[in-house]
Amino acid sequence: MELKKDSNSVSIDMLLIVHSEKRRAAQGAHSDRQADPGALLQRRGGLQGIGNGLRRWQKLEGNELHGTQLTVEVHPRDAMPQLLKKFSLAKCLQGDKNGNTRPRQPGGKDAHAYPWDRSSLKSMPLDLRQFEKLDTYASQVTVKSGLDELVSNLLQEAHSDLERVRAIWIWICHHIEYDIEAAQEKDRQAFKPTDILRTQKTNCDGYAGLFEKMCRIAGVQCMTVPGYSKGFGYQTGQSFSGEFDHAWNAVYLEGRWHLVDSTWGSGLVDSATSKFTFLYNEFYFLTHPALFIEDHFPDNKNWQLLKPPQSLRQFENNMYHKSEFYNKGMLSAHPETSMIKTVNGKAMVTIESCAPTLFMFMLNGKQEHGLLSLRKNGMKLEVYPPTVGTHKLQIFAKGNSDIYSSVLEYTLKCNYVDDTVQLPAELHQPVGPSWFSEQMGITKPSHPHPIIHTSDGRCSVSFGVEEGISVLASLHGDDGLITEETQRRYIFQLQREKRTELKVQLPHAGKFALKIFVKKRQEAGNYIFVFNYLLCCTNTKVNWPMFPESFGNWGQDNELLEPLTGVLPANRNVPFKLKLHGIAKALVKGQDTWPLTLNSEGYWEGSCSTAGCQEVYVMVLENANHNFYSYILKYKVNAQ
């Protein structure tokens, strides 16, 4: 092989190929070798002094290389390195007409079955815990001089091809920023490895090119794969044609090709600000090809690594599950098309997950016009678009983090609106009790279904409450009659043993959200929303008043039998009956004071005249040795 030189020193790429051949006579064998850098060398001690810029080959064990050939390929410094450290890798190489080596094309043994079999997110068995030490090390390596030294430093803690690829992947994902300006201007200079290391910015071509070059320096076969992608700026249902918009890589590990995308592994671009944010995404490292095809369509179908391969039309029409869909444990979603046509004004979406997961949705940017109920392994969503036309539906999942991430997007086509279905704007998610409400201390609900129908405008909801948990409820409608001050006055809360009962009276016909909140009694802070019921009443004659207002001294174990209405008639004697715990005396105060007496059943009873007063209070004395009475209930009196 000819040795090419320039003004700089040259580097050499060494390929060891073991031949099983009979040992020749020493003299005959040496006479066949040419004394130039491209000759086949068979000498003790390896390479010695072939120019100032050549790497020294380490001493080989033993005194002689019997039956072994050492081929040395010499390239200019700026050529792509081809150092392959394992003898076995030579079998995977093909030669071109010039005798140079290139990675083999993917074949049948590289292909994975389509559709996804749910076995793993990865294309090979991985325990990510094995990378913890390596990931920490690789993410902290800094660039000191050139690419060769960087790769050499990265590989100090890598002991296999898999670990070499992992170290390179981690470094790129944590150090190279997506260069939006260069991508828009198609500035090819920004994609050279030397420029990338200097600016630590590039676009997808640069990411893929850098990853490929670093892998080849590390002795791992790697290819850059161009194609179409459902990335930044992608619109649901769009078609693809013309120039390819993305590039990623294939790496050869353990006898099989695998796919990686370091561009998308490094972070994301905010669609509103067009700014890049580092946000590591494990999903795009050795992704299962049946999942990779959802947002990557290569120029050559063989690089799909699938059997059967998918067509471009299938790629365009198939449902796009974002990486967070799988990162957060989702398994499937229905319908499986990105376009949904409503039926009788309703669209339904269900998601299956491998573990209990919190979800939320937005229709046209608002959390309205839908009923989202949680299931043990997924969720069910019913959406009622408010107008005819096209609507954008986004679904978010929380997973193990504190942040909801977008996992699905649908386009809804609505040609009919059901006017009878008008959900309260304050109906939040989720609706109905679930594994989450049980986790928050609410158990065995009397109404497991999220929708409660009432013919007379009244209902009673009860559930078990774990010890140490306080419950708060509020009622919300859209007509404005229920204000922030009165939203709790249409609910009267009773505590019976370890169950809480909510008596609800609706002010009129319609649909209402009954919200349930909880808080640990011993902890400071606000109540946390858990779930809500949808209350429905079609009886136009319903016109229930508010319940009496209760104060802080109204004990959780107290019970009110009468009067339940918070507004009393004027100039009447009104009977009172309550069960009160831990008190010495009780009375009702209007214009005059009326004592209550304790009967044999444990109820405090009596009556009060509403003549000449606008408000009536129930008061209690907790300690017989004191004279201080506390307010526990307040009633209003109708004007005469």
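**Note on the predicted model: strands, sheets and salt bridges**

1. In this predicted model, strands β20 and β21 are joined by a hairpin through 2 residues. The two strands, with β20 spanning residues 370–375, run antiparallel and are connected by 6 bridges, and within this pairing Leu372 has Leu381 of β21 as its bridge partner.

2. Strand β21, which covers residues 378–383, also pairs with β18 (residues 347–353), again in the antiparallel sense and again over 6 bridges. In β21, Gly378 is the residue that stands opposite Glu352. How many residues of β21 are buried? The strand is mostly covered, with 5 of its 6 residues counted as buried.

3. Before going further into detail, the confidence of the prediction deserves a comment. The mean pLDDT of the protein is 83, and 83% of the residues reach 70 or more; over residues 1–100, however, the pLDDT is below 50, although this stretch has 125 contacts in the model beyond near neighbours in sequence. Where pLDDT is low, the predicted coordinates should not be read in detail, and I would ask that any discussion of residues 1–100, where the pLDDT is below 50, be worded with that in mind.

4. For the overall picture, the protein has 640 residues, of which 48% count as buried, and its secondary structure comprises 12 helices and 40 strands. Among the contacts with a separation of 6 or more, 66% are between residues 24 or more positions apart. The accessible surface is about 33000 Å², and carbon and sulfur atoms contribute 47% of this area.

5. One open sheet is built from 4 strands in the order β17-β23-β22-β19, and its pairing is mixed. Its edge strands are β17 (339–341) and β19 (359–363), each of which pairs on one side only, while the twist from one strand to the next averages 30°. Within this sheet, β17 and β23 (residues 405–414) pair in the parallel sense over 3 bridges, with Leu412 in β23 as the bridge partner of Ile340.

6. Another open sheet has 5 strands, ordered β13-β10-β9-β8-β14, with antiparallel pairing. Why is one side of β13 and of β14 (296–298) left without a neighbour in the sheet? Both strands stand at the edges and each has a single partner strand, so there is no neighbour on the other side. Neighbouring strands here are turned against each other by 50° on average, direction ignored. At the β14 edge, the pairing with β8 (residues 222–229) is antiparallel and extends over 3 bridges, and Gly227 stands opposite Pro298 in β14.

7. Two helices pack on this sheet of 5 strands, and their directions should be described separately. Helix α4 touches β9 (246–253), β10 (256–260) and β13, with its direction making about 110° with that of β13. Helix α7 touches β8, β9 and β10, and its direction makes about 20° with that of β9.

8. Each of these helices also carries a salt bridge within its own length. In α4 (residues 161–175), Asp161 pairs with Arg164, the closest N and O atoms being 2.7 Å apart; the two residues are 3 positions apart, about one turn of the helix. Both ends of this bridge are covered, since Asp161 has a relative accessibility of 11% and Arg164 one of 13%, against a cut-off of under 20% for burial. In α7 (residues 204–217), the side chains of Glu212 and Arg216 meet at 3.1 Å, N to O. Because these two residues are 4 positions apart in the helix, about one helical turn separates them, and both are buried.

9. The structure holds 18 salt bridges, and the one between Lys122 and Glu282, at 2.8 Å from N to O, links distant parts of the chain. Lys122 lies in the loop between β5 (112–113) and α2 (132–140), whereas Glu282 lies in the loop between β12 (276–278) and β13 (285–287), 160 residues apart. Are these two residues buried or exposed? Lys122 is buried at a relative accessible area of 11%, and Glu282 is buried at 16%.

10. The bridge between Lys122 and Glu282 should be read in its wider setting, as both residues belong to a network of salt bridges that also includes Asp135 and Arg166.

How values were computed: Residues are numbered from 1 along each chain as its sequence is written. This is a predicted model: local features need pLDDT of at least 70, side-chain atom pairs count only at pLDDT 80 or more; totals for chains, interfaces and linings use all residues. Side-chain values use heavy atoms; hydrogens and water are left out. pLDDT is the predictor's confidence in each residue, from 0 to 100. Contact means heavy atoms within 4.5 Å. A salt bridge is a side-chain nitrogen of Lys or Arg within 4 Å of a carboxyl oxygen of Asp or Glu. Buried means under 20% relative accessible area, exposed over 50%, partly exposed in between (1.4 Å probe, protein chains only). Two strands pair if DSSP finds at least two bridges between them. Axes are lines fitted to C-alpha atoms, for helices over the stretch in contact, and angles run from 0 to 180 degrees between N-to-C directions. Accessible areas come from the Shrake-Rupley method with a 1.4 Å probe; for residues, only the protein chains shown count as cover.
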